[in-house]
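This report walks through selected local features of one protein chain, taking helices, cores and loops in turn. Please keep the sequence and the coordinates at hand while reading.

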Amino acid sequence: MAHFLEHMIFKGTDRVAPGVFDQVIESRGGVANAATSHDYAHFYIETASQHLDDTLPTLAEILLNASISETEFLRERDVVFEEIHQAQDSIDWVEFQTLMETTYEHHPYGRSVLGTKASLIGRSPDEMRCFHRCHYQPGNMAVVVVGGVEQQRAIDLVSKAFASFPRAELCPQMITAPQAPHFGIRRAQRYLPQLEQTRLSMAWTGPGVEQLRVGYGLDLLSVLLAEGRTSRLIQTLREELQLVHHIDSSFSLQRESSLFTISALLEPQHLNTVEAMICDRLYELQTQPISTQELKRVQRLLCNDYSFSTETPAQIAGLYGYYFTIAQPEISVTYPDQIQSFQPRALQQLAQQYLDPQNYAVTVLQPAEK
């Protein structure tokens with residue numbers, strides 16, 4: 001519903017007809033777009049600062065007063081159906097969604113943000129209006145303004161534009177249990193005719209934003225394992241043994257449960273060997289000391305990445321909005337200090353606690369026989 005509503009927001013209000021919002025933004029040389037994740041929906045405009053007075057009120061109008069007409073609802077639902085079909089043709093999406101379903105068996109994170117045709121076909125405009133009035137309320141919203149705008153002017157514009165929210169409604173609330181701990185290895189395998197190489201993905205879950213310090217440490221471990229030629233997995237599996245064409249690791253902080261992944265492209269005959277060697281390297285990480293030199297390398301890489309990701313107004317606005325929505329905005333600027341404060345022993349303890357080589361989710365995508 002959140003993703004479908006993101007589409008419907010742009011269909012206008014009683015005062016802003018469909019297409020008028022885009023005209024207001026684009027006629028001033030600006031751009032606008034939106035996205036929905038597991039934890040939040042994100043709407044943004046980029047325009048010259050002198051046009052903020054004209055564009056921000058229109059953005060607020062469509063966000064707070066979406067009319068959600070039945071005609072537009074039915075038309076846009078077909079657009080969402082097509083988006084779902086296109087996603088199912090994307091190997092990257094299939095890989096990610098299969099891994100999420102395998103990792104989060106009983107948690108909403110395991111469900112596609114796009115939804116399914118079956119889950120959307122029975123929904124009504126009234127249900128969406130209720131959802132909108134329930135969730136699009138001040139306590140759930142952050143407005144971030146970045147650029148050549150004087151602070152008080154920005155505050156005044158936001159206060160005026162977002163002065164009148166819809167009357168809050170209570171919608172049926174989905175009750176979800178916390179992500180239950182898993183034991184053992186959970187596997188999923190799919191065969192895709194358009195695939196040319198085998199894809200291996202392994203995942204471990206961690207705590208959400210309530211244990212942010214753990215997230216910083218897992219971020220460091222992700223880089224230590226698979227970023228740069230001297231990282232452990234790349235050096236061994238790609239450079240020395242040439243068992244994989246590509247391998248990487250990533251960490252994603254989410255509100256309720258973070259996600260740590262290791263993914264590889266390889267030939268099918270190396271699949272079991274590579275998975276076993278990844279588990280061996282995780283065991284080594286837990287039992288052998290991390291050198292100070294190795295830790296300094298990954299700290300430097302992450303701090304550099306943070307600097308490069310805060311160079312433009314759009315990047316900074318995204319950073320502030322992200323932390324404002326899932327945690328607190330103040331911590332958005334503390335990341336480098338947190339990363340630099342870790343010691344080798346603390347990282348090793350996190351690896352022991354969260355990267356169990358006998359307890360993870362794994363998905364394999366294989367080329368189907370032609």
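In which helix does Val 24 lie? Val 24 belongs to helix α2, which covers residues 20–26. The model discussed here is a predicted one.

## Val 24 and its surroundings

With a relative accessible area of 16%, Val 24 falls under the 20% limit and is therefore buried. When residues up to four places away in sequence are not counted, Val 24 touches Asp 54, Thr 55 and Thr 58. The C-alpha atom of Val 24 is separated by 10.0 Å from that of His 51, although the two residues are 27 residues apart along the chain.

## Helix α5

Helix α5 is made of 13 residues, 91–103, and at 1.5 Å a residue it should span 18 Å; the end C-alpha atoms are 18 Å apart, which agrees with that expectation.

The buried residues of α5 are Ile 91, Val 94, Glu 95, Gln 97, Thr 98, Leu 99, Met 100, Thr 102 and Thr 103. These buried residues pack against one helix element, α4 (70–88), and against the strands β3 (185–192), β4 (198–207), β6 (257–266) and β7 (360–367).

## Ile 185 in strand β3

Ile 185 is placed in strand β3, and its relative accessibility of 40% makes it count as partly exposed. Apart from residues up to four places away in sequence, Ile 185 touches Gln 358, Tyr 360 and Val 362. Between the C-alpha atoms of Ile 185 and Thr 103 the separation is 9.9 Å, with their positions 82 residues apart along the chain.

## The nonpolar cores

The largest nonpolar core has 54 residues, and those with the most contacts inside it are Leu 200, Leu 221, Leu 225, Leu 237, Ile 247, Phe 260 and Ile 278. Helix α9 gives the most to this core, contributing 10 residues. A second core, separate from this one, has 34 residues and includes Ile 9, Phe 73, Phe 81 and Leu 114.

Which residues does Leu 200 contact, leaving aside its neighbours within four places in sequence? The list comprises Glu 95, Ile 262, Ser 263, Ala 264, Leu 266, Leu 271, Val 274, Glu 275, Ile 278, Val 362, Thr 363 and Val 364.

## The packing of α10 and α11

Two packed helices are described by the angle between their axes together with the distance between those axes. For α10 and helix α11 (residues 271–287), the axes come within 11 Å and cross at roughly 150°, and the crossing in which α10 passes α11 is right-handed.

On the α10 side, the contact is made by Arg 232, Leu 233, Thr 236 and Leu 237, while α11 supplies Val 274, Met 277, Ile 278, Arg 281, Glu 284 and Leu 285. By residue class, the contact divides into 6 nonpolar, 1 polar and 3 charged residues.

## Residues in loops

Ser 231 is located in the loop between α9 (212–226) and α10 (232–240). Is Ser 231 buried or exposed? Its relative accessible area is 0%, so Ser 231 is buried. Outside its neighbours within four places in sequence, Ser 231 is in contact with Val 223, Leu 224, Leu 225 and Ala 226, and also with Arg 297.

Gln 254 is found in the loop between β5 and β6 and counts as buried, at 8% relative accessibility. Leaving aside neighbours within four places in sequence, the contacts of Gln 254 are His 38, Asp 39, Met 100, Tyr 104, Tyr 109, Gly 208, Val 209 and Leu 259. The C-alpha atoms of Gln 254 and Gly 215 are separated by 9.5 Å, the two residues being 39 residues apart along the chain.

## Positive phi values

Ile 68, in the loop between α3 (52–64) and α4, has a positive phi of about 55° although it is not a glycine. At 2% relative accessibility, Ile 68 counts as buried.

Gln 242, a residue other than glycine, has a positive phi near 50°, and it is found in the loop between α10 and β5 (246–252). Gln 242 counts as exposed, with 61% relative accessibility, whereas Ile 68 counts as buried.

How values were computed
Residues numbered from 1 in each chain as written. Predicted model: local features only at pLDDT ≥ 70, side-chain atom pairs only at ≥ 80, totals over all residues. Heavy atoms only, no water. Helix = DSSP H or I, 4+ residues; strand = E, 2+ residues; numbered from the N terminus. Buried < 20%, exposed > 50% of the residue type's maximum accessible area, 1.4 Å probe, protein only. Contact = heavy atoms within 4.5 Å. Expected span 1.5 Å × (residues − 1). Axes fitted to C-alpha atoms, helices over the stretch in contact; angles between N-to-C directions. Left-handed = near helix turned anticlockwise from the far one by under 90°. Nonpolar A, V, L, I, M, F, W, Y, C, P; charged D, E, K, R; others polar. Core = buried A, V, L, I, M, F, W, Y, C linked by side-chain atoms within 4.5 Å.
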